[in-house]
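Visitor: I'd like to go through this protein with you and ask where the labels come from. Could you show me the model?

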Amino acid sequence: LLRRDVDSTLGTVDFRYLMLDEAQNVKNASTEAWKAARLVKSDQRMALTGTPIENRVEELWSILDLVAPGLLGTERSFERRYGRPIAKGDALRLDELRRRTRPVILRRKKEDVAKDLPPKIETVLRCEMDTEQRALYLRVLAEVRSDVQQALKVHTRARARASILAALMRLRQVCCDPRLVAEIDGK
């Protein structure tokens, strides 16, 4: 709705507050959602997310630039000062970024809110694969198992992680719908 209505409605109103729930949807500054959120006029802004950073620290910049413009500089300067050094393991830059963002971030950990959450409900439903799907699953399992074993021979476990995740994704795709793997494999 934000992307669709920013030009016609949302971008023409002066709001008192802009509340971005599920703000991980605006964690990439090159997306239409981020650009649309930027166009909404408001006196105050707040972003709520359980995952402010999933892949790169620059995602934090994207969210914070919407709620506290200029706090972390431009995207390019942020990448130079924090993004690249933190990606290389620079603990000093990470600590500096934490200190700089602490005044504008309220972080609640699971243990802080666990008492307020309802009990966890788990339901297990077993679904059997038909013969054709099971055969495909076993074929893909053999392929990915050898790929993962090869990756583990060549790399450390941490460096083989991408191969392991790709293998799990292919197996999951077979379970969800075999056509996902068949289309990928060109069949």
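**Reading the labels**

Guide: Sure, and keep in mind that the model is predicted. Let's start with Asp5, which is buried, its relative accessible area being 18%.

Visitor: Why is Asp5 called buried?

Guide: The label goes to residues under 20% relative accessible area. Asp5 comes out at 18%, so buried it is.

Visitor: What makes the contact of Asp5 with Arg4 a salt bridge?

Guide: The cut-off is 4 Å from a side-chain nitrogen of Lys or Arg to a carboxyl oxygen of Asp or Glu. For the side chains of Asp5 and Arg4 the N to O distance is 2.8 Å, so the pair qualifies.

Visitor: And Arg4, is that residue buried or exposed?

Guide: Exposed: Arg4 has 60% relative accessibility, and the label needs over 50%.

Visitor: How do you know that Lys27 and Glu54 form a salt bridge?

Guide: Their closest N and O atoms are 2.2 Å apart, and the limit is 4 Å. Lys27 sits in the loop between S1 and H2, and Glu54 in the loop between S2 and H3, so the pair ties together parts that are 27 residues apart in sequence.

Visitor: Which labels do Lys27 and Glu54 get for accessibility?

Guide: Lys27 is at 16% relative accessibility, so with the line drawn at 20% this lysine is buried. Glu54 has a relative accessible area of 48%, which falls between 20% and 50%, so Glu54 is partly exposed. The two also belong to a network of salt bridges that links Lys27, Glu54 and Glu59.

Visitor: What makes Arg99 and Asp95 a salt bridge?

Guide: Again it's the distance: their closest N and O atoms are 2.5 Å apart, inside the 4 Å limit. Both residues lie in helix H5, four residues apart, or about one turn of the helix. Arg99 is partly exposed at 47% relative accessibility, and Asp95 is partly exposed at 35%.

Visitor: How many salt bridges does a search of the whole structure find?

Guide: It finds 15.

Visitor: On to the surface. Why does Leu48 count as partly exposed?

Guide: Leu48 has 39% relative accessibility, and partly exposed covers the range between 20% and 50%, so the label fits. You'll find Leu48 in the loop between strand S2 (41-47) and H3. Leu48 also joins Tyr17, Met19 and Met46 in a nonpolar surface patch with about 410 Å² of accessible area together.

Visitor: What makes the patch with Arg107 positive?

Guide: Its members are Arg98, Arg102, Arg107 and Lys109, and Lys and Arg count as positive. Arg107 lies in the loop between helix H5 (91-101) and helix H6 (110-113). With a relative accessible area of 65%, Arg107 is over the 50% mark and therefore exposed.

Visitor: And inside, which residues have the most contacts within the largest nonpolar core?

Guide: Those are Leu20, Val26, Phe78 and Leu97, in a core of 22 residues. Strand S1 (14-20) and helices H2 (32-39), H3 (58-67) and H4 (75-87) each supply at least two residues of this core. The largest share, five residues, comes from H3.

Visitor: One more. Why is Asp21 labelled exposed?

Guide: Asp21 has 55% relative accessibility and the label starts over 50%, so Asp21 is exposed. Asp21 is found in the loop between S1 and H2. The C-alpha atoms of Asp21 and Thr49 are separated by 6.5 Å, with the two residues 28 apart along the chain.

Terms used:
Residues numbered from 1 in each chain as written. Predicted model: local features only at pLDDT ≥ 70, side-chain atom pairs only at ≥ 80, totals over all residues. Heavy atoms only, no water. Patch = residues over 30% accessible without salt bridge, like charges linked within 9 Å, V, L, I, M, F, W, Y side chains within 5 Å. Areas by Shrake-Rupley, 256 points an atom, 1.4 Å probe, with all protein chains shown as cover. Charge placed at Lys NZ, Arg CZ, Asp CG, Glu CD. Buried < 20%, exposed > 50% of the residue type's maximum accessible area, 1.4 Å probe, protein only. Core = buried A, V, L, I, M, F, W, Y, C linked by side-chain atoms within 4.5 Å.
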